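This report deals with internal cavities and with the contact between two chains. The sequence and structure come first.

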Amino acid sequence: MNLTVVLAINSVTLGGLLFLLSAGFSLIFGLMRIPNLTHGSLFMLGAYLGATFVIWFKLDFWLAATLSALLVALFGGIVERFLLRQLAGQQQAQVLVTLGIAFMIADVCLMVWTGDPIAVETPQWLVGTTNLLGVVFPVYRLAVILIAVAIAVVLWLLLERTRLGAMIRAGVDDPEMARVVGIRVSRLFTVVFCLGAALAGFAGVIGAPILSVYPGLDFDMLPLALVIVILGGTGSLLGSFLGSFIVGFIYNFGQALLPELAYFVLFLPMLLMLLLRPQGLFGRHVP
Amino acid sequence: MSALVSRGLEKSFDALRVTRDVNLDVEPGERRLIIGPNGAGKTTLFNLICGEIRPDRGSVTLFDRELTRVPSRRRAHLGLSRTYQIITLFPRDTLLRNVMLSLLGLDRLRWSPFVSLGAQRHLAESARRALDRVGLLHLADRPMAHTSYGERRRVEIAMALAQNPKLLLLDEPFAGLSIDERGDVQKLLNAIPRDVTIVMIEHNMDVALEFAERISVMHFGEVVVEGTRAEVVANPRTKEIYLGE
Amino acid sequence: MTGRWLGLVLALVALAALPAWMPGTYYVNVSSQILIYAVFALGINVLAGYGGLVSLGHAGLFGIACYAVAVSLAAGAGHLAAILVGLAVTLLGTAVFAALSLRTTGIGFLMITLALGQILWGLAYRWIGVTNGDNGLTVASRPAPFGFSLETATAFYYATLLTFLLGVLAMAVFANSPFGASLAGTRDQPRRMTALGYNVWMIRFYACMFSGLLSGIAGILFVYYNQFISPQSLSLTASAEVVLMVIAGGTGTLMGPIVGAALVVVMKNVASAYIERWNFLLGAIFVAIVIFMPEGLVPGTVRLLRWAMRSLAGKAVPAGGDGGR
């Protein structure tokens, strides 16, 4: 198969995974005004939990993914309620706390799951390839892309069509104003934090057959989320959607074409964006 | 030559036009009062004059020097100082250090990382003189956190005066003061020599009217009435939008 | 005041005589590590403490200095040339770093410095042709300034101590200078500072450069101390460790970062020797200090001591502002 086609397929798949990761990151950032530095760790935690359920408990892959997402959401809720809440209004302190928790998660995962990478097998019925518009497409990757798009649509509907979504949008636009009109911003924080954590945890599990699970996955993913949000603008769903695919493509093509400078190339659009349009493509505020 | 000229100053935030076509001519040495209801665009006008926000259209001229493209920080060096409606002092520092920071802003010394600020006697002396002018010399070494609201208002003025401005913008200097404190600030403003031109925003009409020579009344971002104290007070439009409320 | 001078003299004597009273080479080496990290922490504190700008990418600047020295030496340069190249490249890198990250302040600054730090880490890790990737680069020998070889632990300790003292002196002068006051002003009231005639951006830029210089000096000491550099030293963990030193000790104080460096380096050495859970401990301390002692250990202790003295003396001690400066 043509290398470019393979790279393109991988890029779109990674873009889908990154969207699941960055959508929550972006919403949390938009609402709470902090980059949640545990986000990569939540992704990794989800992946490890999912791998455990699938490999040791022999659970169905999708059940494992859902269960992991719920557990990670619970964990996220605890972090938000009992730690970040203590520091309401002190964003710098909150960011440092999320960083501290990220280190703790990394070490606990290392302790529990050791340093060896864990390979998670693709669910049986999604093994193999299918022919799509004349392109040979691995079924599992297609499934990941479809799931990401479906979740994007659901999130969009949630934000645009529901009361909760309207409150979140109001909070992202102007937290002070949201508080003035009687929205309980603190409860929103918890809801959005849990939602973001669940998406990250879920992405970790469905990404596992592609990326595998290994120590360091957390800090491999976190910068990607960061780049996406700087590109797309904080609190913007559309921004993180587009940003995710841009980063997906740059990551894969960069790896293949300029392996030594891949990491640098990955950050290049972010740097350009900072210089030309610091609020990001669709952002309202400069972070 | 006018001290301050603005021509056609316009500023919108999204759909909201905060100032529209503001034209001011303030003569050197003049005491100008700007009044108007809340949201009339008075503070925005100040922010436009000192460059904290950029106008969409229009120009600002300070003693024949076109300022529109001059960055905010340079305007201080050209003789423009201001106070703030919401107090923005340096809360961890003493009164003396607050005023010294103000002096340092116009001094090349501010870039020096090699000398001791404490050893700069001339700065400390000037700062003490400025504090003396507002009657706060005895509190020079007190931390800002341990001062009263009225004292802070006066430190604001001391900081602006310390820079020896040619044009002084006062944003509600009487706001929140007791009657006694108002009297003090009034005396203090009256003692400012005529080589300083003053433009003041104020809500408190008792003290402000007495101080002003010419008055501009703003309403919905526009200057709707302008003239001497007597003219403005007599104008029915003024009564309608401001005095009568 | 005399008490303070006495303390300073005692501390200097103790530091100068340290190799004599430390039980072994290992401890002298740990002391060198502490001093190296203290210089680095002083650099972070310029921004975090006086400028109110927390950087999570400074390990990248530190790393630039390390790699510049190691690569120069590998290319056949002498020690002096390598050190000069190291400083020059670090300052150049810092200028770019500052120009990009000072597009924002606060959280934005933190985030962009994190990303920039990751870029530098990624370069160290991936640009194998120059950096030898994960395997790192070794430095064959230490310099011998004025014929005084630094190969032994004690000799290197003294070189580090001298650099450290110069760093502390520079920091003390800086903190009390008009520029230091200007920087602190931009931390507290940036808008006001602009209206007073200060160029806030430029002040922050120079502060970044000073901070980068101290980080670079620490990096050069580090690469000669370890005689090895790998991408590990540029990781986010490395940046976070130094930020932890500063906030643990107390931001915006002269002694805070030094105490913090001592604390973190000692804990790291103990932790890696006995419990192997350094990252967990680092994270836990981070969380605990941010939540329970945000002012840091040094100002916290100063406050407690003042309070104790006041209670003992039974009279008011003049409330000076020096504890928080």
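The text below covers the cavities of this predicted model and then the interface of chain B and chain C.

**Cavities**

The structure holds two cavities of 30 Å³ or more. They are set out in the table.

| Cavity | Volume | Residues of the lining |
|---|---|---|
| Largest | about 50 Å³ | four nonpolar, two polar, two charged |
| Second largest | about 40 Å³ | three nonpolar, two polar, two charged |

The lining of the largest cavity is made up of B:Cys50, B:Ser72, B:Arg75, B:Ala76, B:Leu80, B:Ser81, B:Arg82 and C:Ala195. In chain B, α2 (72-77) and β6 (80-82) each supply at least two of these lining residues.

Around the second largest cavity lie B:Ser81, B:Arg82, B:Tyr84, B:Gln163, C:Arg192, C:Ala195 and C:Leu196. Two or more residues of this lining come from β6 of chain B, and two or more from α10 (190-195) of chain C. B:Ser81, B:Arg82 and C:Ala195 occur in the linings of both cavities.

**Interface of chain B and chain C**

Contact between the chains involves 32 residues of chain B and 25 residues of chain C. The buried area is about 2600 Å², with 57% from carbon and sulfur atoms.

Three salt bridges are found across this interface. One salt bridge joins C:Asp188 to B:Arg92, with 3.6 Å between the closest N and O atoms. Twelve residue pairs, both residues at pLDDT 80 or more, are in polar contact across the interface.

On the side of chain B that touches chain C, the elements giving two or more residues are α2, α3 (95-104) and α5 (149-162). The residues of that side divide into 14 nonpolar, ten polar and eight charged.

Methods: Residues numbered from 1 in each chain as written. Chains lettered and ligands numbered in written order. Predicted model: local features only at pLDDT ≥ 70, side-chain atom pairs only at ≥ 80, totals over all residues. Heavy atoms only, no water. 1 Å grid on protein atoms, 1.4 Å probe; cavity = no way out; pocket = protein on both sides within 12 Å on 5 of 7 lines; lining within 4 Å. Points joined across faces, edges and corners; volume = space filled by probe spheres on them. Helix = DSSP H or I, 4+ residues; strand = E, 2+ residues; numbered from the N terminus. Nonpolar A, V, L, I, M, F, W, Y, C, P; charged D, E, K, R; others polar. Contact = heavy atoms within 4.5 Å. Buried area = accessible area lost by both parts, 1.4 Å probe. Salt bridge = Lys/Arg side-chain N within 4 Å of Asp/Glu carboxyl O. Polar contact = N/O pair within 3.5 Å; in protein donor to acceptor, adjacent residues only side chain to side chain.
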